[in-house]
Amino acid sequence: MEAITIHKGTTIPLMNNNIDTDQIIPKQFLKNILKVGYGQHLFHDWRFLDDGTPNPDFILNKEERKNATILISGDNFGCGSSREHAAWALKDWGFKIIIAGGYSDIFFMNCTKNGILPIILPQSVRNTLAQLAPDDEITVDLPQQKVICRDNVYSFEIDATWKQKFIDGIDDIELTLKQEEKIRNFEKNMPVFE
C-alpha cells in the first residue's frame, strides 16, 4: 500500500448524497478479480451517454479535472452493496483521498484496506472545497489530521490504527507479516496433539 503522509492535490466535487456502490462501479463490470482496470468504468452511467460517448457535462470528463486526486462528495458515500470493486475503481482512476460527510461502514473499511484515505468533514467545509477552481490544490496533512485550503485549516478525526497504517504504507497483511518471527516461534512451541 502506498503511504500517505502529506498529500497535495486538486479536487473533483461530486456533491450528491447517497452515492451507492452500483453508481460508483455498475455490476456489469465486476468480472475481473484483479484490483486494476476498473477506473475506466468509474461512474459509468453518469460518465457516458446512451450511445457510449462521454457525457461532456459530467465533471470526470472535464479535461481540466483529469489529474485530480481528491474527491469531494456528499453524505453517505459508498452506500449500497458491499462490493470492494468500488474502492478499486476509485483508486484505479487515481483518487487517493475522499472527503465526504459520511460513509457506509463496509465501504469505509474497503477504502482503508485499499489505500484510499476517507475523511469526514462537515457540509459547510465541503461546500467551500467544492467551489475550488480545477487547478487549486489543497493539502491533506495526515500526521496533523488537517485539510489545508489557502489560509483555512480544517481538522478531521481518524482511528489511530488506520492513521499509522496509512503513514507507514502497510495493509493488514503487511502488518501481520511484521510479526512473522513471533508467529513462527508460537507455532514452533505449540503442543502437538495426537
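Is D22 buried, partly exposed or exposed? Keep that one in your heads for a second, and bear in mind that what we're looking at is a predicted model.

So, D22: its relative accessibility comes out at 29%, and since the buried class stops under 20% and the exposed class starts over 50%, it counts as partly exposed. Its salt-bridge partner is R83, with N to O at 3.0 Å. What I like about this pair is the reach along the chain: D22 sits in helix α1, R83 sits in the loop between β3 and α3, and 61 residues separate them. R83, for its part, is buried, at 16% relative accessibility.

Okay, staying on that side of things, let's move on to α3, which runs over residues 85–93. Seven of its nine residues are buried, so the rest of the structure largely encloses this helix. The buried ones are H85, A86, A87, W88, A89, L90 and W93. And what do those buried residues pack against? Three helices and two strands, if you read down the list: α1 (21–24), α2 (44–47) and α4 (105–113), plus β3 (70–73) and β4 (97–100). Right after the helix you hit G94, with a positive phi of about 125 degrees.

Next stop, T10. You'll find it in the loop between β1 (6–9) and β2 (11–14). Although it's a loop residue, T10 is buried, at 16% relative accessible area. Skipping its neighbours within four places in sequence, T10 touches N67, A68, T69 and I70, and also P134, D135, D136 and E137.

D136 on that list brings us back to salt bridges. It pairs with R150, and their closest N and O atoms are 2.7 Å apart. Here both partners are in loops: D136 between α5 (123–130) and β6 (138–141), R150 between β7 (146–149) and β8 (152–155), so the pair ties together parts 14 residues apart in sequence. R150 is exposed, with a relative accessible area of 60%.

In total the structure holds seven salt bridges, and there's one more I want to show you. K165 and D172 meet through their side chains at 2.3 Å, N to O. K165 is buried, at 7% relative accessibility, while D172 is partly exposed at 29%. K113 comes into this too: salt bridges with shared partners join K113, K165 and D172 into one network.

That's my tour, so over to you.

Note on methods
Residues numbered from 1 in each chain as written. Predicted model: local features only at pLDDT ≥ 70, side-chain atom pairs only at ≥ 80, totals over all residues. Heavy atoms only, no water. Helix = DSSP H or I, 4+ residues; strand = E, 2+ residues; numbered from the N terminus. Buried < 20%, exposed > 50% of the residue type's maximum accessible area, 1.4 Å probe, protein only. Contact = heavy atoms within 4.5 Å. Salt bridge = Lys/Arg side-chain N within 4 Å of Asp/Glu carboxyl O.
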